[in-house]
2 protein chains.
Amino acid sequence: MTRLVPRLDAEESAAWLALVSLLELLPSALDSQLQRDSELTHFEFAVLSYLRFSPDQTQRMSALAVGTNATLPRLSHVVTRLERRGLVERTPCPEDRRATNAQLTDAGRRELVRATPGHIAFVRRVVIDSLDREQLGQLAAIATAITGTLDPEGRFAALPG
Amino acid sequence: MTRLVPRLDAEESAAWLALVSLLELLPSALDSQLQRDSELTHFEFAVLSYLRFSPDQTQRMSALAVGTNATLPRLSHVVTRLERRGLVERTPCPEDRRATNAQLTDAGRRELVRATPGHIAFVRRVVIDSLDREQLGQLAAIATAITGTLDPEGRFAALPG
DNA sequence: CCAACATGGTTGTCGATGCAACTATTCCCG
DNA sequence: CGGGAATAGTTGCATCGACAACCATGTTGG
């Protein structure tokens, strides 16, 4: 049988292995930092941040899910926990009674404001400062190309608005 | 109070947001493909692959943990599951009686051989083919720089040998 | 030589996530 | 209109991973 899928050559394989290590190490590093300093996971931080920059600090669950690259069940569970902690509030959406709005509370905003500087410092130290300006642009292009292939319709990773 | 940690500027922020999306989307895509086609998680696949290219298809648990960027408890749980499925065997290490060797079984090797082409095809389609040759090198350099900052001693991501 | 400490690994528990099943609304079309 | 399909979201269950506690073996300094 013919080999339909050629092995990865040396360069391909080097890039892939380096990326795999990154995928394994960076998320846990982000979670550790946020957990240690603010008792938030990186995903929870993303949810709160997304709300913060949304009109009226509010979004529909489904829009929030898309904006944070999450599935709706996952988001629902996370919002439940955040709600228990008083950082977020659910309110039924008046225009569509199937829908639910999630809104950042004042306490949530304060938590986020407290957590953000340390998190940015960490991102800067680990990611930004490890690269030069040129690499920063390359990284954006590379990551965008790959996520574009994963999500051709571009449903995810929209900015709040 | 002075702002000790400057915000991210437009380029920094674009790179960071693109990377965050990648960190969210790519791992679940890898897991989905492997789970669907081979009932393996990406991490299990990595463990089996690492063993496959180790002398005598064997490694000590701690070396395997380092090689796969995992903590020892996590690895131990995963090896337990793989062992239950007959893909891996644990044997006490004769030289150091605290240590445990994990060895790929014949069944494990067969499973891996069956799973690999589809996985490589997926990696090629999603990652490699989304980039040109130049970007491949850039990706390796960027990922290596970031993981290097996360893990200055370079303990992780060693190749089997 | 043995008491403390270090190393290698496992286990228990708990929090987090995916998936499937379910409810409730809304949309669409004959 | 009325009924079926689509959409929005929640919930239950099973699995996976982190963390801490633990056991066993090895190492080392007094």
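The expected span of a helix is taken here as 1.5 Å times one less than its number of residues. In this predicted model, helix α6 of chain A, residues 133–150, can be judged against that rule: the helix has 18 residues, and the distance from its first C-alpha to its last is 26 Å, close to the expected 26 Å.

The composition of this helix shows where its packing lies. The buried residues of α6(A) are A:Q135, A:L136, A:Q138, A:L139, A:A140, A:I142, A:A143, A:I146 and A:T147. An α-helix has 3.6 residues a turn, so residues three or four places apart point the same way. As for partners, the buried residues of α6(A) pack against α1 (10–38) of chain A and, in chain B, against α1 (10–38), α5 (106–126) and α6 (133–150).

It is useful to place this helix within its chain. Chain A comprises six helices and three strands, which follow one another along the sequence in the pattern α-α-β-α-α-β-β-α-α. The C-alpha trace of chain A spans about 60 × 40 × 25 Å along its principal axes. Chain A has 161 residues, of which 47% count as buried. Among the contacts in chain A between residues at least 6 apart in sequence, 56% join residues at least 24 apart.

The relation between the two protein chains comes next. Chain B is superposed on chain A by a rotation of 180° with 0.0 Å of shift along the axis, at an RMSD of 0.0 Å. That is the relation of a two-fold axis. Within chain B, the C-alpha of B:L23 is the nearest to this axis, at 3.1 Å. Of the interface residues of chain B, 100% are also interface residues in chain A, so the copies meet through the same surface.

Helix α1 provides two residues for closer inspection. A:S21 is found in helix α1 of chain A. Buried means under 20% relative accessible area; A:S21 therefore counts as buried, since its relative accessible area is 8%. The side chain of A:S21 is also joined to that of B:N69 by a polar contact of 3.3 Å. In the other chain, B:Q35 lies in helix α1 of chain B. The relative accessibility of B:Q35 is 40%, which means that this residue counts as partly exposed. When residues up to four places away in sequence are left out, B:Q35 touches B:L40 and B:T41.

The description now turns to the nucleic acid, beginning with DNA strand C. This strand is surrounded by 20 residues, of which the closest are A:R98, B:S62, B:H77, B:R90 and B:T100. Of the strand C atoms within 4 Å of the protein, 77% belong to sugar or phosphate and the rest to bases. Individual contacts include both kinds of target. An N or O atom in the side chain of A:T71 is 3.4 Å from a phosphate oxygen of strand C, and a backbone N or O atom of B:M61 lies 3.4 Å from a phosphate oxygen of the strand. A polar side-chain atom of B:R98, by contrast, lies 3.1 Å from a base oxygen of DNA strand C. The elements that give two or more residues to the surface near this strand are α4 (72–84) of chain A, together with α3 (61–67) and α4 (72–84) of chain B. The most is given by α4(A), with five residues. By class, the surface near DNA strand C has six nonpolar, six polar and eight charged residues.

DNA strand D can be read in the same order. Of the 20 residues around strand D, those that come nearest are A:S62, A:S76, A:R90, A:T100 and B:R98. Sugar or phosphate accounts for 78% of the strand D atoms within 4 Å of the protein, and bases for the rest. Several side chains approach its phosphate oxygens: a polar side-chain atom of A:S62 lies 2.4 Å from one, an N or O atom in the side chain of A:R90 is 2.6 Å from one, and a polar side-chain atom of B:R74 lies 3.0 Å from one. At least two residues of the surface near strand D are supplied by each of α3 (61–67) and α4 of chain A and α4 of chain B. Here α4(B) gives the most, with five residues. The surface near DNA strand D has six nonpolar, six polar and eight charged residues.

Definitions and conventions:
Residues numbered from 1 in each chain as written. Chains lettered and ligands numbered in written order. Predicted model: local features only at pLDDT ≥ 70, side-chain atom pairs only at ≥ 80, totals over all residues. Heavy atoms only, no water. Helix = DSSP H or I, 4+ residues; strand = E, 2+ residues; numbered from the N terminus. Buried < 20%, exposed > 50% of the residue type's maximum accessible area, 1.4 Å probe, protein only. Contact = heavy atoms within 4.5 Å. Near = heavy atom within 4 Å. Polar contact = N/O pair within 3.5 Å; in protein donor to acceptor, adjacent residues only side chain to side chain. Nonpolar A, V, L, I, M, F, W, Y, C, P; charged D, E, K, R; others polar. Least-squares fit on C-alpha atoms with pLDDT ≥ 70 in both.
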